[in-house]
Each structure stands twice: as C-alpha cells, then as structure tokens.
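Subject: Structure handover

Hello,

I am passing on the structure we discussed, with notes on what turned up in it. Please look it over before reading on.

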Amino acid sequence: MTLIEEAKKGIISDFVKKAAEYEGLEAEKLIRLISHGYVVLPKNVRREDIEPRAVGMLTSTKVNANVGTSADYINVDEEIEKAIVAQKAGADAVMDLSSGGNLDAIRKKIMDVVKVPFGTVPIYQAARDCRRVVDMSEDDFFKAVEKHAKDGVDFMTIHSGVNWVSIERLKRSKRLLGVVSRGGAIIIGWMLHNEKENPYYKDFDYLLEILKEYDVTISLGDAYRPGCIHDAGDRAKYTEFIMLGELVERCREAGVQCMVEGPGHVPLDQIETSVKAMKSVTDNAPLYLLGPLVTDIAAGYDHIAAAIGAAVAGMAGADFICYVTPSEHLALPSVEDVREGVIAAKIAAHAIDLVKEGQRERARKRDYEMSLARKNLDWERQFQLSIDPEKAREIHSKRRSESEACSMCGDLCAIKLVKEAFERE
C-alpha cells in the first residue's frame, strides 16, 4: 500500500511517527490529515534514511531549494555543493532542475547528498533526450517519469493541467509574457506542433499507476503561473486552477499523494484571493508556491520580493515555499545565492508559522527565547536562535563594542540603561 492508503486504514508507521514528532503533532492527528490528502509526506519506496518533512495543514511551513545545471553552465560539483549548502541553511526539500549534461548521472550524484525529500521535473529530461522538443513521442513523456521514480525521486512536478481548453483560454488572454513555466512551455509547444492532447492529461490514470508503484508524490505543476504583475489573476490561470482541482480528486482516489503548485508574480492585493481560490477548488491540497513575487523590478533582490509574497500567501493558507534567489531572472544561481535564497524563504516560513494554526505556539516560543536573550545581552544564545547563526555572529564580531552591548548603541544601549536603572532603584 502507498502511504495515503495506509493512512486511510489508520496504519501509523515509524516514519509517520518521526514526522509527527518533528511537527509537534500527535501521530494520530497527522495520519488523519494524510488520509484526507490535506498533508503529504513525500518518500519514494526506494529511498532510505530520509528525514521526514510533512507538508500541509497544521504542519510547519516548508521551504524547497532548486539546484541543477543548465545547457550554458554544467558544473556538477557546484550543484552538489549547492544542495549541501541549501540543507545546511534549512531547506526542507531539494529539487534537481538540471537541463544540461548527463542528466541521469547528475541526478544520482545530487540525490546522494540530499537527506530530505528530493524532487525533479521529468519533462526536462524527456525533452533533452530528443533532438528537438517537438520530436518527443507520447511514450517519452512517461519513460522519463518511470526512470526518475526508479531512481528514488520522492516528488515530481508534472504539468497535467495543460490541455486544449486551457490553451484556448491562453490564446484569448491579453498576457504580456505568455507562459514562463519551462515545463508548461515544453508541453504546449509539443501539443501545438503535433496537434495532440497533453499525454500527462489524456493518460493521467496511466501516470498515476507509475507514481503509485513507487509511492511518488505528484506536484501538479502550474504551467500558467503569471510571470509578471500584468498577467496576474487572468482566466488562463483560473482555468488551470479548476483543472488541477479535478486531478487532485483523481490522485486521492488512486492512492497517490499530491500537492498543487501556484503562482508566480502576484500583486499584494491579489495574493489572498489567489491562494484561497486554489485551496477551495483543490479541497485543501497542500499548496506549493514560487514566491509569489510582489513586484517585477527587484532584479538582484527577487529573493526579498518573493519572501514578502510568501509571507502574505502563508497567512492565506500556502504550505510550501519554493525559494527564489538573488539571481532570479538574471543567471544560474551561485552557491551563495542559494544560501541567501533559502534564508530569505526560511524567514518568511517562520513568520507564517507565528500565526499558523498548529504551529503558532512552537514558533512563538523561539521568538520569546530570542527576546529573553536580548534582554540578558546573551549574545551566544542570540546567535543560536537566529535563522542564520553564522551571519549573525560575523556581523556582531566585525564592530564590537567595548561594552557588553552591541556597537550600534554601546554604553547607551536602551536595554542596558533601563535594566541598570531598575537595579539601582
């Protein structure tokens, strides 16, 4: 049985118990959430020694880090280092989005160092293995999925919501950037050239059979996510929302765990509407968002724009944040970009957990302990509680004060002055 099938029978494995402990939830409660499809716990049957990360209702907000080569820059060692650094910075999942080089070897090498759930986008390899994208056969779509599943991939982004109905909505839209999803663009290009339906939609039941055999969690990709503020909230996007909601039902009936991906670039005043609409039409399936980025002009700082959007989205119900790095829209990210992207997303995730049902008490305890450490001018404890202890320690040590306070205020530290005044009194 798959994990969701076990959950429906009330079977609680040691893996589920470990996940529940990590979340601060009762195992019985977590298994009920998994049984309804409100939480996913990605783990391929072929993966061993993986740290459980539950995603969804009542669980802590998770962060994913993307790594991988491009056709222009192939350095496998650097991608491995990125995966290691991302996990050290707190990433709860890692996805390999490689599109250049020996993809099989690259995937396996990166997976070897990943101890959290590992994801891929199989259509990238299906496209790369052919001379031209449009030359793929329908079998090629599924061969890539099966290959990744056999290798032990825990979750896969698959754009099954693309079909002729959604393409017609796209044609009639007034989009400025059209489609910015690489996987979505590959499938749309293939469909238009070959005049055939998307195999991942047409033969969705066959796709689920492959995923079920290896207990792979499907992440229903958002091919029509808006790539700029101008395109946010249009009919093409909402058409896909509805399609994904129908596919969620089929996943649950088939015994396959699933989550749903969302936008994209969205202005602040549309984020709540977008998230709640997705949660409604997908019956509270775990929601996995890229950002959303709240402005188009933050080049070099898109990790900050994305963290702002993620915090708002999380308050509305988003569960899983795909990090954005400072290199977004500009270049393949460096190792340092990956670290900064994870940290920015982790800040947003913690801000969400401070107000999230099921996690509020645990999250606020950490903030309370930080405040206590600041009151006591306990620098070592402050470093330990920081999301990025290394950077906090580095900044503090660069300009040290001769007093026990920091160099911003020195002997005029407000906390120190008031504390001493009360002590004298």
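The notes below cover open and closed spaces, salt bridges, a surface patch and some backbone points.

Please keep in mind that this is a predicted model.

Pocket and cavities

The largest pocket has a volume of about 1000 Å³. Its lining is made up of 43 residues, and those closest to the centre are Asn-66, Leu-97, Arg-182, Arg-225 and Glu-328. Two or more lining residues come from each of β3 (62-67), α4 (76-89), β8 (258-262) and β9. Strand β9 gives the largest share, three residues. Sorted by class, the pocket lining holds 20 nonpolar, 15 polar and eight charged residues.

As for closed spaces, five cavities of 30 Å³ or more were found in a search of the whole structure. The largest cavity has a volume of about 70 Å³. Its lining consists of Asp-96, Leu-97, Ser-98, Leu-103, Arg-107, Thr-120, Val-121, Tyr-124, Gln-125 and His-148. Helices α5 (103-113) and α6 (122-128) are the elements that contribute two or more residues to this lining. Four of the cavity-lining residues are nonpolar, four are polar and two are charged. Leu-97 appears in both places: it lines the largest cavity, and it is among the residues closest to the centre of the largest pocket.

Salt bridges

The whole structure contains 32 salt bridges. Three pairs and one network are described here.

Asp-234 and Arg-175 pair through their side chains, with an N to O distance of 2.6 Å. Asp-234 sits in the loop between β7 (217-220) and α12 (235-254), and Arg-175 in the loop between α8 (164-172) and α9 (182-194), so this salt bridge ties together parts that are 59 residues apart in sequence. Both Asp-234 and Arg-175 are buried.

The next pair is Asp-205 and Arg-250, whose side chains meet in a salt bridge at 3.1 Å, N to O. Asp-205 belongs to helix α11 (residues 204-214) and Arg-250 to helix α12, so parts 45 residues apart in sequence are tied together by the pair. Asp-205 is partly exposed, with a relative accessible area of 47%. Arg-250 is also partly exposed, at 29%.

Arg-252 makes a salt bridge with Asp-283, with 2.9 Å between the closest N and O atoms. Here Arg-252 is in helix α12 and Asp-283 in the loop between α13 (268-281) and β9 (287-290), so the parts tied together are 31 residues apart in sequence. What is the burial state of Arg-252? Arg-252 has a relative accessible area of 11%, and buried means under 20%, so Arg-252 counts as buried. Asp-283, at 38%, is partly exposed.

Asp-104, Arg-107, Lys-147 and Asp-151 are joined in a network of salt bridges. Arg-107 is also one of the residues lining the largest cavity.

Surface patch

On the surface, Leu-268, Tyr-301, Ile-304 and Ile-308 form a nonpolar patch with about 400 Å² of accessible area together. Ile-308 is part of helix α14 (residues 302-316). With a relative accessible area of 42%, Ile-308 is partly exposed.

Backbone

Most residues other than glycine have a negative phi, and most peptide bonds are trans. The following places depart from that pattern.

Which peptide bond is cis with omega near 20°? That is the bond from Pro-263 to Gly-264. Gly-264 is in the loop between β8 and α13. The bond from Gly-291 to Pro-292 is cis as well, with omega near 5°. Pro-292 is located in the loop between β9 and α14.

Leu-58 is not a glycine, yet it has a positive phi of about 70°. It is placed in the loop between β2 (55-56) and β3. Leu-58 is buried, with a relative accessible area of 14%. His-329, also not a glycine, has a positive phi of about 75°. This histidine lies in the loop between β10 (320-322) and α15 (335-353). His-329 is exposed, with a relative accessible area of 52%.

Regards

Conventions
Residues are numbered from 1 along each chain as its sequence is written. This is a predicted model: local features need pLDDT of at least 70, side-chain atom pairs count only at pLDDT 80 or more; totals for chains, interfaces and linings use all residues. Side-chain values use heavy atoms; hydrogens and water are left out. Patches are made of residues with over 30% relative accessible area and no salt bridge: like charges are joined within 9 Å, nonpolar side chains (Val, Leu, Ile, Met, Phe, Trp, Tyr) within 5 Å. Accessible areas come from the Shrake-Rupley method with a 1.4 Å probe; for residues, only the protein chains shown count as cover. A salt bridge is a side-chain nitrogen of Lys or Arg within 4 Å of a carboxyl oxygen of Asp or Glu. Helices (H or I, at least four residues) and strands (E, at least two) are DSSP runs, numbered from the N terminus. Buried means under 20% relative accessible area, exposed over 50%, partly exposed in between (1.4 Å probe, protein chains only). On a 1 Å grid over the protein atoms alone, a cavity is a set of points where a 1.4 Å probe fits but cannot get out, and a pocket is an open set with protein on both sides within 12 Å along at least five of seven lines; lining residues have an atom within 4 Å of a point. Grid points are joined across faces, edges and corners, and a volume is the space filled by probe spheres set on the points. Ala, Val, Leu, Ile, Met, Phe, Trp, Tyr, Cys and Pro count as nonpolar, Asp, Glu, Lys and Arg as charged, and the others, Gly among them, as polar.
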